[in-house]
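Work through the following exercises with the sequence and the model open side by side, and try each task before reading its solution.

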Amino acid sequence: MRLAQRPIDLIGQTDMIRVRSLSELTGCDIWLKLESQNPGGSIKDRAAYQMIKDAMDSGELEPGMTVVEGTAGNTGIGLAIVARALGLNMLAVMPNDQTPEKERMIRLHGAELKTVDPVPFRNDNHFYHTARKLAEARDDHWWANQFENTSNARAHYLGTGPEIWQQTNGEVDILVSVAGTGGTIAGNSMYLKERNPDLQVWLADPDGSGIYSYLKQGEYIAQGSSFTEGIGIMRLVENFKQARIDAAVNLPDQDLVALSRFVRDNDAIVLGSSSTLNLAAALQAATLHGPGKTIVTFACDLGERSASKLYNRDYLQQRGLSLELEAIPELIARYRDSGERVWYAAK
């Protein structure tokens, strides 16, 4: 147990839980690192704190200034908490198609929230460009720029990676992570591969993202869309450039619907969409490389933040997703037979 003076002092040092049902089905030890334990309920608290801390240490950011960031939600919540704790203001810019749960949390933590229509990145009204312009317009505003600010990856190199190494006694075989900004997979892969060059790093990519395509054929091409929020990139950013990736898999939303219900009913674990995508890719890795492997992935945030999408029957039906769920043993068999869909880096 820890005692703290401020919520930000409780960022990091999160627990891990073995997903018993899937571990027994695959013969691997599949672990979830519970990033929902952070004060803001997500892994983004780590990056939020490191970005602000580094900027304040350098003198770029001072008390009384306003932090500005374009966010799908979780980074905005984390920045709002860190800003409030350190005498800063916070302005979050967010697409208006994200879950209302995240909008509510940003405002509850005292931040100003500006929502904009979701548009392609090339459109000047994209939430990323809107945040940049708002920050550049005033001297007392500071743009966090989570995609290009490598303090994001540094948070995981300094914190999350060492925690995983310690918690597994250095016996982790496979790390699995989605990528939004790329900071999580970059910082963790750099740290863990320094300790064990043979460790495999798997990237989980949803429909609508171009990372799988980029890794496989060198260009960002996306098909379809996903209800996962803030996951996937259609351009090469500084944080993702640092990632050391051995394999990548693209998985559809339908798999997440089935898997989220399975671990809820069998393990009493309620996962959000990004976390379930992580777990689905971990299951794919276990299917192809187990038994006997130790696999670590992330419960990125609180499952309740996906209540209005992943756990909403009407929303799923509107997206054409089936509520007749595939049995997990059948899903495992399909993952075993679809191994050719996994991209592996050339050795």
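**Exercise 1.** Decide whether Phe127 counts as buried or exposed in this predicted model, and describe what it is in contact with.

*Solution.* Begin with the relative accessibility of Phe127, which is 14%. Because a residue counts as buried under 20% relative accessible area, Phe127 is classed as buried. Next, place the residue in its element: Phe127 is found in helix H5, which covers residues 127–136. Then look for contacts, leaving aside the neighbours within four places in sequence; those of Phe127 are Gly70, Thr71, Val93, Met94, Pro95 and Val116. Finally, for a position further along the chain, take Val237, which is 110 residues away in sequence from Phe127, while the C-alpha atoms of the two are separated by 16 Å.

**Exercise 2.** Determine whether Glu103 is buried or exposed, and list its contacts beyond four places in sequence.

*Solution.* Locate Glu103 in helix H4, residues 100–108. Its relative accessible area is 16%, and therefore Glu103 is buried. With the neighbours within four places set aside, Glu103 is in contact with Met94, Asn96, Gln98, Leu113 and Thr115. Comparing the two lists, Met94 appears among the contacts of Phe127 and also among those of Glu103.

**Exercise 3.** Characterise the second largest pocket by its volume, its lining and the residue classes found there.

*Solution.* Start with the space in the pocket, which is about 210 Å³. The lining is made up of Asp205, Asp207, Ser209, Gly210, Tyr212, Ser213, Lys216, Gln217, Ile221, Ala222, Gln223 and Asn250. Sorted by class, these residues give 3 nonpolar, 6 polar and 3 charged. As for the elements involved, helix H8 (residues 211–217) supplies the largest share of the lining, namely 4 residues.

**Exercise 4.** Assess why the radius of gyration of the chain agrees with that of a compact globule, and collect further values that describe the whole fold.

*Solution.* For 347 residues, a compact globule would have a radius of gyration near 20 Å, and the chain has 19 Å, so the two agree. Along the principal axes, the C-alpha atoms fill a box of roughly 55 × 45 × 40 Å. The chain holds 13 helices and 11 strands, and 59% of its 347 residues count as buried. Of the contacts between residues at least 6 apart in sequence, 71% join residues at least 24 apart. The accessible surface comes to about 14,500 Å², with 46% belonging to carbon and sulfur atoms.

Technical notes
Residues are numbered from 1 along each chain as its sequence is written. This is a predicted model: local features need pLDDT of at least 70, side-chain atom pairs count only at pLDDT 80 or more; totals for chains, interfaces and linings use all residues. Side-chain values use heavy atoms; hydrogens and water are left out. On a 1 Å grid over the protein atoms alone, a cavity is a set of points where a 1.4 Å probe fits but cannot get out, and a pocket is an open set with protein on both sides within 12 Å along at least five of seven lines; lining residues have an atom within 4 Å of a point. Grid points are joined across faces, edges and corners, and a volume is the space filled by probe spheres set on the points. Helices (H or I, at least four residues) and strands (E, at least two) are DSSP runs, numbered from the N terminus. Ala, Val, Leu, Ile, Met, Phe, Trp, Tyr, Cys and Pro count as nonpolar, Asp, Glu, Lys and Arg as charged, and the others, Gly among them, as polar. The radius of gyration is taken over C-alpha atoms; the globule rule is 2.2 Å times the number of residues to the power 0.38. Buried means under 20% relative accessible area, exposed over 50%, partly exposed in between (1.4 Å probe, protein chains only). Contact means heavy atoms within 4.5 Å. Accessible areas come from the Shrake-Rupley method with a 1.4 Å probe; for residues, only the protein chains shown count as cover.
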